Amino acid sequence: MSDLKNVSIKNKRATYDYEMLDTYVAGIVLSGTEIKSLRLGKASLVDCYCYFHNHELFVRGMNISEYHWGSYNNHMPKRDRKLLLQRRELVKLERALQDKGLTVVGMKLFINERGLAKLQIGLGRGRKSYDKREYIKEKDLKREIDRVFRK
């Protein structure tokens, strides 16, 4: 059980490409071999985003590799997966997505202390190229200040 807490897969491009306005933690509906593969850390959040279909939230583009010891009923690696949020959070997100330029992006995939797979999602606004340069400058400056004060 101790190795379950070490599973934490991050989408590093999410905070670089988007300015996060709000974050949520959602449960994921998974099949049997998906959770086994996820516990081995075989997942990727590159280019994953969330969309609404019939007032339900789904994640698209999240890749959970096939389970190595799976049989003929192994899962499809890039299928859309349903996310579980409370109704008021879903309504809030759906209203927010009506605004132009906002999107919901998967930021971090982890297994909580109860052994359940969770996806941290963020409501973000896309950054322009000059915003990305400012973000890098701020990050470098903060790193430099931390290094000076650590000595």
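**A buried asparagine, paired strands and a nonpolar patch**

With a relative accessible area of 13%, Asn112 is buried. The model described here is a predicted one, and this asparagine is a handy place to begin a tour of it. Asn112 sits in the loop that links β8 (102-111) to β9 (117-126). From there, a polar atom of the Asn112 side chain lies 2.8 Å from the backbone nitrogen of Leu116.

The tour continues with a set of paired strands. Strand β4 (residues 49-53) and strand β5 (residues 56-60) run antiparallel and are joined by 5 bridges. One of the pairings can be picked out by name: Tyr49 has Arg60 in β5 as its bridge partner. On its way onward, β5 also pairs with strand β7 (residues 81-84), again in the antiparallel sense, over 2 bridges. Here Val59 has Arg81 in β7 as its bridge partner. Strand β5 thus appears in two pairings, with β4 and with β7.

Arg81 deserves a closer look. This arginine belongs to strand β7, and its relative accessible area is 0%, so Arg81 counts as buried. What does the side chain of Arg81 make a polar contact with? The partner is the side chain of Glu34, at 2.9 Å. Arg81 can therefore be followed in two ways, through its backbone pairing with Val59 and through its side-chain contact with Glu34.

Back at the hairpin of β4 and β5, 2 residues lie between the strands. One of them, Asn54, takes a positive phi near 55°. His55, in the loop between β4 and β5, also has a positive phi, near 60°, although this residue is not a glycine. For context, most residues other than glycine have a negative phi. Is His55 buried or exposed? Its relative accessibility is 51%, and because the cut-off for exposed is over 50%, His55 counts as exposed.

A further positive phi is found before β4. Asp47 lies in the loop between β3 (43-44) and β4, and its phi is about 60° even though Asp47 is not a glycine. With 64% relative accessibility, Asp47 counts as exposed.

The cysteines come next. How many disulfides does the structure hold? The count is 0. Cys48 is in no disulfide, and the nearest cysteine sulfur, that of Cys50, is 6.1 Å away. Cys50 is likewise in no disulfide, with the sulfur of Cys48 as its nearest cysteine sulfur, 6.1 Å away. A disulfide calls for sulfur atoms within 2.5 Å, which is why this pair is not counted as one. Both side chains belong to buried residues: Cys48 counts as buried at 3% relative accessibility, and Cys50 is buried with a relative accessible area of 5%.

The last stop is on the surface. Which residues form the nonpolar patch there? The patch is made of Leu141, Ile145, Val148 and Phe149, which together have about 440 Å² of accessible area. Leu141 is found in helix α4 (residues 129-150). At 53% relative accessibility, Leu141 counts as exposed, whereas Arg81 in the paired strands is buried at 0%.

Terms used:
Residues numbered from 1 in each chain as written. Predicted model: local features only at pLDDT ≥ 70, side-chain atom pairs only at ≥ 80, totals over all residues. Heavy atoms only, no water. Pairing = 2+ DSSP bridges. Helix = DSSP H or I, 4+ residues; strand = E, 2+ residues; numbered from the N terminus. Buried < 20%, exposed > 50% of the residue type's maximum accessible area, 1.4 Å probe, protein only. Patch = residues over 30% accessible without salt bridge, like charges linked within 9 Å, V, L, I, M, F, W, Y side chains within 5 Å. Areas by Shrake-Rupley, 256 points an atom, 1.4 Å probe, with all protein chains shown as cover. Salt bridge = Lys/Arg side-chain N within 4 Å of Asp/Glu carboxyl O. Polar contact = N/O pair within 3.5 Å; in protein donor to acceptor, adjacent residues only side chain to side chain.
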